[in-house]
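Visitor: I've just opened this model and I'd like to know how its labels are earned. Could you walk me through them?

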Amino acid sequence: MTDPQPPSDLPALRALAAWLQHWLNDVRQAVADAERAAAAEARRPRWWVRWQRRPPGAPRRGILHEEGCWHPGAPDLDAAALRRLLAEHGDRVAACEVCRPSPPE
């Protein structure tokens, strides 16, 4: 199959250029909308940690839950906050065995 060739007459070329510019503008707008939606989704809280009781001086330990888990708590961590928390506490924060949260990459 051969690639389509553009028309040879000037009015048809201008019409095609205008049509392509219109589609390009629409596609750029759709990309911008999708990027804004993805950024808003990343900022939405989806996780929380249920901290366990500990003796004085012992390191904090907790269970990480994800939105939709039936354990008590409400999402208060967005992706950036969760990354910081996991960097600080590392393996002292275990994943809930019920909801099996998937931390952001």
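Visitor: Why is Arg84 called exposed?

Guide: Bear in mind that this is a predicted model. Arg84 has a relative accessible area of 57%, and the word exposed is used for values over 50%, so Arg84 earns the label.

Visitor: Where is Arg84 found?

Guide: Arg84 is found in helix α2. Together with Ala87 and Glu88, which are exposed too, Arg84 is on the face of α2 turned away from the buried side of the helix.

Visitor: Which residues of α2 are buried, then?

Guide: In α2, which covers residues 79-89, the buried ones are Ala79, Ala81, Leu82, Leu85 and His89.

Visitor: How do you know that these buried residues line one face of the helix?

Guide: Look down the axis of α2: the buried residues fall within an arc of 160 degrees, so they line one face. A general rule helps here: an α-helix has 3.6 residues a turn, so residues three or four places apart point the same way.

Visitor: What covers the buried residues of α2?

Guide: The cover includes α1, along with the strands β1 (47-51), β2 (62-66) and β3 (93-95).

Visitor: What makes Asp78 a cap for α2?

Guide: One of its side-chain oxygens lies 3.3 Å from the backbone nitrogen of Ala80, at the N-terminal end of the helix. A polar contact needs N or O atoms within 3.5 Å, so 3.3 Å makes the cut. Just after α2, by the way, Gly90 takes a positive phi of about 50 degrees.

Visitor: Let's move on to Glu66. Is Glu66 buried or exposed?

Guide: Glu66, which is found in strand β2, has 10% relative accessibility. Buried means under 20%, so Glu66 counts as buried.

Visitor: What does the side chain of Glu66 reach?

Guide: The backbone nitrogen of Ser102, at 3.0 Å. The side chain of Glu66 also joins that of Arg46 through a polar contact of 2.6 Å.

Visitor: And why is Trp23 called partly exposed?

Guide: Trp23 has a relative accessible area of 45%. Partly exposed lies between the 20% and 50% cut-offs, so that's the label Trp23 gets. You'll find Trp23 in helix α1, residues 10-43.

Visitor: Which nonpolar patch is Trp23 part of?

Guide: A surface patch formed by Leu16, Trp19, Leu20, Trp23, Val27 and Val31, with about 570 Å² of accessible area together. A patch residue needs over 30% relative accessible area, and Trp23 has 45%.

Key: Residues are numbered from 1 along each chain as its sequence is written. This is a predicted model: local features need pLDDT of at least 70, side-chain atom pairs count only at pLDDT 80 or more; totals for chains, interfaces and linings use all residues. Side-chain values use heavy atoms; hydrogens and water are left out. Patches are made of residues with over 30% relative accessible area and no salt bridge: like charges are joined within 9 Å, nonpolar side chains (Val, Leu, Ile, Met, Phe, Trp, Tyr) within 5 Å. Accessible areas come from the Shrake-Rupley method with a 1.4 Å probe; for residues, only the protein chains shown count as cover. A salt bridge is a side-chain nitrogen of Lys or Arg within 4 Å of a carboxyl oxygen of Asp or Glu. Helices (H or I, at least four residues) and strands (E, at least two) are DSSP runs, numbered from the N terminus. Buried means under 20% relative accessible area, exposed over 50%, partly exposed in between (1.4 Å probe, protein chains only). The arc is that of the directions from the helix axis to the C-beta atoms. Contact means heavy atoms within 4.5 Å. A polar contact is a pair of N or O atoms within 3.5 Å; within protein, one must be able to donate a hydrogen and the other to accept it, and residues adjacent in sequence count only if both atoms are side-chain atoms.
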